[in-house]
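Hi everyone, thanks for coming. Please pull up the sequence and the 3D view, and let's walk through the fold together.

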Amino acid sequence: MNDKIKVKVSSFVANILEIDALRFKFIKNGKSNKNALLNKLIPTLVEVRKERRSQIENILKDEYNRADSENIYHAVNTVIDRVYFNDENLGELGESIWIRPSKENISVFDEIETSEIMLTAQELSVYIRGLLNEYCMLPLYKRETLVFDGELDVFSNACCSHHILYFRSRSTNERHKIFAFDYFYGYWMNSDNFCVFYDINEKKIMATPLCDMQDGYIIKQKFKPSKRLIEQLQAYCDECDFEAVISMEGEQDVL
């Protein structure tokens with residue numbers, strides 16, 4: 001695996017990556033850090049591709065009883081890439097992006113080079129471009145859930161289990177100890193995804209964009225909310241203007 005990977009992309013894809021890096025706060029020295037964004041994003045996109053292949057193979061085996069399902073699903077995935085995520089839909093390949101795999105993700109890029117491109121009969125740069133083409137065709141709220149798939153998974157688990165969750169705000173660098181209550185996908189005008197929680201130390205009900213959460217982890221201790229707190233959290237969700245929760249956390253004192 002080379003230290004850096006060059007991928008030719010359309011200006012459409014390059015612009016989306018630039019916008020997302022800034023919007024999702026992947027910034028270094030005042031500029032967008034697309035390499036950090038891509039290192040976080042690409043492992044999830046690879047898993048999405050692998051899961052889709054698995055679903056196709058299972059359908060062929062279970063519903064169509066095809067003994068040659070493995071050969072068919074290889075062909076189907078290649079066709080999907082060429083038809084839906086090809087370069088012609090997005091314009092000329094006039095831009096270049098460089099990816100430097102991080103130490104944490106080097107195994108993912110090795111897997112792409114040794115396994116994925118053999119399955120899809122593509123070169124490394126073509127395979128990665130296909131991932132990015134697919135990503136950039138998605139609406140903003142869905143792109144955010146892919147970039148922050150891990151954070152959303154931790155928050156969702158905390159919502160279900162009532163275990164206390166710690167996380168750090170990307171915008172303020174403050175640590176929060178919270179009771180996770182609910183999350184909302186970006187069906188509003190600004191397409192953000194929001195997490196609603198009760199800050200245990202601050203004793204406030206708050207909402208923050210998903211992309212502002214990082215370094216989250218759940219502890220064994222559970223939080224037992226009162227009936228009144230649950231009612232207040234639900235009322236906050238029902239009444240909160242989430243479109244106003246963009247650059248600052250919306251919050252409400254608990255009575």
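Let's start with strand β6, residues 175-184, which is joined to β7 by six bridges, the two strands running antiparallel. Keep in mind as we go that this is a predicted model. If you want one pair to find on your screen, take Tyr-183, whose bridge partner in β7 is Cys-195.

Now look at the other neighbor of this strand. β7 pairs with strand β8, residues 204-209, again in the antiparallel sense and over six bridges. Here you can look for Val-196, which stands opposite Ala-207 in β8. Between β7 and β8 there is a hairpin with four residues between the strands, and in that hairpin Lys-203 takes a positive phi near 55 degrees.

So how many of the residues of β7 are buried? Six of the six, across residues 194-199, so the strand is mostly covered. In a regular strand, side chains alternate between the two faces of the sheet. In β7, Phe-194, Val-196 and Tyr-198 are on one side, Cys-195, Phe-197 and Asp-199 are on the other, and both faces are covered.

Strand β1, residues 5-9, gives us another pattern. The covered face of β1 holds Ile-5, Val-7 and Val-9, while Lys-6 and Lys-8 make up an uncovered one. β1 is joined to β4 by five bridges, and these two strands run antiparallel. One of the pairs to click on is Val-9 with its bridge partner in β4, Glu-95.

If we follow the chain on from β4, we come to Asn-105, in the loop between β4 and α4. Is Asn-105 buried or exposed? Its relative accessibility is 15%, and buried means under 20%, so Asn-105 counts as buried. Leaving out residues up to four places away in sequence, Asn-105 touches Asn-39, Lys-40 and Pro-43. Try selecting Asn-105 and Ile-42 too: they are 63 residues apart along the chain, yet their C-alpha atoms are separated by 9.0 Å.

That brings us to the helices. Helix α4, residues 106-120, packs with helix α5, residues 124-136, at an angle of about 90 degrees, and their axes are 9 Å apart. The two are therefore roughly perpendicular to each other. On the α4 side of the contact you'll find Phe-109, Ile-112, Glu-113, Glu-116, Ile-117 and Thr-120, and these meet Leu-124, Tyr-127 and Ile-128 in α5. By type, that contact has six nonpolar residues, one polar and two charged.

Helix α5 has another partner as well. The axis of helix α2, residues 34-62, comes within 10 Å of the axis of α5, and they cross at roughly 90 degrees. So α2 and α5 are roughly perpendicular, too. From α2, the contact includes Leu-38, Leu-41 and Ile-42, and from α5 it includes Tyr-127, Ile-128 and Leu-131. The residues of this contact divide into ten nonpolar, one polar and three charged.

Let's zoom out to finish. The protein has eight helices and ten strands. Of its 255 residues, 46% count as buried. Among contacts between residues at least 6 apart in sequence, 69% join residues at least 24 apart. Finally, the protein exposes about 13,700 Å², and carbon and sulfur atoms supply 49% of that. Thanks for listening!

How values were computed
Residues numbered from 1 in each chain as written. Predicted model: local features only at pLDDT ≥ 70, side-chain atom pairs only at ≥ 80, totals over all residues. Heavy atoms only, no water. Buried < 20%, exposed > 50% of the residue type's maximum accessible area, 1.4 Å probe, protein only. Contact = heavy atoms within 4.5 Å. Areas by Shrake-Rupley, 256 points an atom, 1.4 Å probe, with all protein chains shown as cover. Axes fitted to C-alpha atoms, helices over the stretch in contact; angles between N-to-C directions. Parallel < 35°, antiparallel > 145°, perpendicular 65-115°, else oblique. Nonpolar A, V, L, I, M, F, W, Y, C, P; charged D, E, K, R; others polar. Pairing = 2+ DSSP bridges.
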